[in-house]
Amino acid sequence: RNIITDDRHPVVTLVGKGGIGKTTTALHVLPEICNENRFDIIIWFSARDIDLKSEGVKPVKPDVLTTKDLAKMYTKLIQPEKANEKGFNSLEFMQKELGKSSNGRVLFVMDNFETVANPSDVYNWLNTFIRLPNKLLITSRFRDFKADYPIEVKGMDRHEFDLLVQRVANELEIENILTESYLDELFDESQGHPYIVKILLGEVHKEGRTGKIKRILASRDEVLTALFERTFNALSPVAKRVFLTLANWRSTIPSVAIESVLMRKENEKMDVEAGIDELNRYSLITIIKSSADDSLFLSLPLAAFEFGHRKLNSSPMKVAVETDMLMLHRFGVGRNTETVFGLDRRIQNFFRSLAKIPFIF
């Protein structure tokens, strides 16, 4: 709210993984902004092509996909007097309105920006013409543009998770089925992802009992596709390679191990560090810094792991990933909670494993 109402940042981006709550956050804050007299008009454009319902994924038709769509929609909403005159150009009209609106101060909201055709081109067009006191708010799964103010929407903390569970469980009348151990597992495996939590609680209601979270998520192809497919397709080849490598083994892996194995001379040259950074920017991986030695460990949330594991089975990278995995296994399996021991334990595992290899002289 503070960033949207200040006079310094003409473009603000809410960025985060699919279903994490970007649109919900915007819809929660905007009514409060309406009462602050910062803007005279708020215009909402939607490029959303799916609705993430508690019962599943529902396809919908996007309102806007191109700059022309934006301009036509804006003209339709504003209804300028000259709109019916011969030679009226809605694109030129909106360009002027982005800079200085005829209706006062405007907040333009662009929801599900990653779905528009040529996001970079549309962003450059908007960024070129937007001027304060007008502002632009974008919600997007990924951010490949500059000159905006990014705000990351992350998963829920445990208190927020408990509040959501309490509300949904009450609505579904499943309070008596949920156990503390199940909720602990649900929080850990979902990593506070609200849509995944609601989907899994819906399964509890449907089955009348709690089930294995991994099995349930693995069976929800349409949910996994809706949450991750578009983001995965936008990744660079090296980022896909790192992601699929992490999806081949349910373990927390040292970042230095991933980098060293993928950068072996047997593999083609790649910037693994850039791939890891890209996955982090797209909110696809979890990066944990060890309190012992500040070393970094990588893992995938369960939903991302299940999606990636399915992708790997049909990927041309599968053979290369499985070859790399033979080396990564030597570092030993690890959990997120074990990162407190730092890198030393995993390095020891690696050399112990090497010592067991028989040598022929």
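A pocket is an open set of grid points with protein on both sides within 12 Å along at least five of seven lines, and its lining residues are those with an atom within 4 Å of a point. In the present structure, which is a predicted model, the largest pocket draws the largest share of its lining, six residues, from helix 2.

The overall architecture may be described before the pockets are treated in detail. The protein chain contains 16 helices and 10 strands. Its C-alpha atoms fill a box of roughly 90 × 55 × 40 Å along the principal axes. Of the 361 residues in the protein chain, 48% are buried. When contacts between residues at least 6 apart in sequence are considered, 74% of them join residues at least 24 apart.

The largest pocket has a volume of about 900 Å³. Its lining comprises 30 residues, of which Gly 19, Ile 20, Gly 21, Thr 24 and Pro 194 are the closest to the centre of the pocket. At least two lining residues are supplied by each of helix 2 (22-34), strand 3 (50-53), helix 6 (158-172) and helix 8 (194-207). In terms of class, this lining consists of 10 nonpolar, 10 polar and 10 charged residues.

The second largest pocket has a volume of about 580 Å³. It is lined by 21 residues, and those closest to its centre are Glu 152, Lys 154, Asn 280, Ser 283 and Ile 285. Strand 7 (149-152), helix 13 (272-281) and strand 9 (286-289) each contribute at least two residues to this lining. Strand 7 gives the most, with three residues. The lining of the second largest pocket is made up of nine nonpolar, seven polar and five charged residues.

Enclosed space was also examined. A search of the whole structure yields one cavity of 30 Å³ or more. The largest cavity has a volume of about 50 Å³. Its lining is formed by Lys 17, Ile 20, Ser 190, Gln 191, His 193, Ile 196, Phe 228, Pro 301 and Ala 303. By class, these lining residues divide into five nonpolar, three polar and one charged. Ile 20 is thus named twice, as one of the residues closest to the centre of the largest pocket and as part of the lining of the largest cavity.

Strand 9, which contributes to the lining of the second largest pocket, also belongs to a sheet. Three strands form this open sheet in the order 8-10-9, with antiparallel pairing. Strand 8 (253-254) and strand 9 are the edge strands, each pairing on one side only. In general, the strands of a sheet pair through backbone hydrogen bonds, in either a parallel or an antiparallel manner. Four bridges join strand 9 to strand 10 (residues 296-299), and these two strands run antiparallel. Within this pairing, Thr 286 has Ser 299 of strand 10 as its bridge partner, while Ile 287 stands opposite Leu 298 in strand 10. Strand 8 is joined to strand 10 by two bridges, again in an antiparallel arrangement. Here the bridge partner of Ile 253 in strand 10 is Leu 298. Strands 9 and 10 form a hairpin with six residues between the strands, in which Asp 294 takes a positive phi near 65°.

The interior of the model contains a largest nonpolar core of 62 residues, among which Leu 178, Leu 186, Phe 243, Ile 258 and Leu 328 touch the most other members. Helix 8 provides the largest share of this core, seven residues. Helix 8 is also among the elements that supply at least two residues to the lining of the largest pocket. With neighbours within four places in sequence left aside, Leu 186 is in contact with Phe 161, Val 197, Leu 200, Leu 201 and Ile 213. A second, separate core has 25 residues, including Tyr 74, Tyr 123, Ile 130 and Phe 145.

Ala 257 was considered individually. This residue is found in helix 12 (residues 255-262). Residues count as buried under 20% relative accessible area; Ala 257 is therefore classed as buried, because its relative accessibility is 0%. Not counting residues up to four places away in sequence, Ala 257 touches Leu 328 and Phe 331. Ala 257 and Phe 350 are 93 residues apart in sequence, whereas their C-alpha atoms are 9.8 Å apart in space.

Note on methods: Residues are numbered from 1 along each chain as its sequence is written. This is a predicted model: local features need pLDDT of at least 70, side-chain atom pairs count only at pLDDT 80 or more; totals for chains, interfaces and linings use all residues. Side-chain values use heavy atoms; hydrogens and water are left out. On a 1 Å grid over the protein atoms alone, a cavity is a set of points where a 1.4 Å probe fits but cannot get out, and a pocket is an open set with protein on both sides within 12 Å along at least five of seven lines; lining residues have an atom within 4 Å of a point. Grid points are joined across faces, edges and corners, and a volume is the space filled by probe spheres set on the points. Ala, Val, Leu, Ile, Met, Phe, Trp, Tyr, Cys and Pro count as nonpolar, Asp, Glu, Lys and Arg as charged, and the others, Gly among them, as polar. Two strands pair if DSSP finds at least two bridges between them. A nonpolar core is a set of buried Ala, Val, Leu, Ile, Met, Phe, Trp, Tyr and Cys residues joined through side-chain atoms within 4.5 Å. Buried means under 20% relative accessible area, exposed over 50%, partly exposed in between (1.4 Å probe, protein chains only). Contact means heavy atoms within 4.5 Å.
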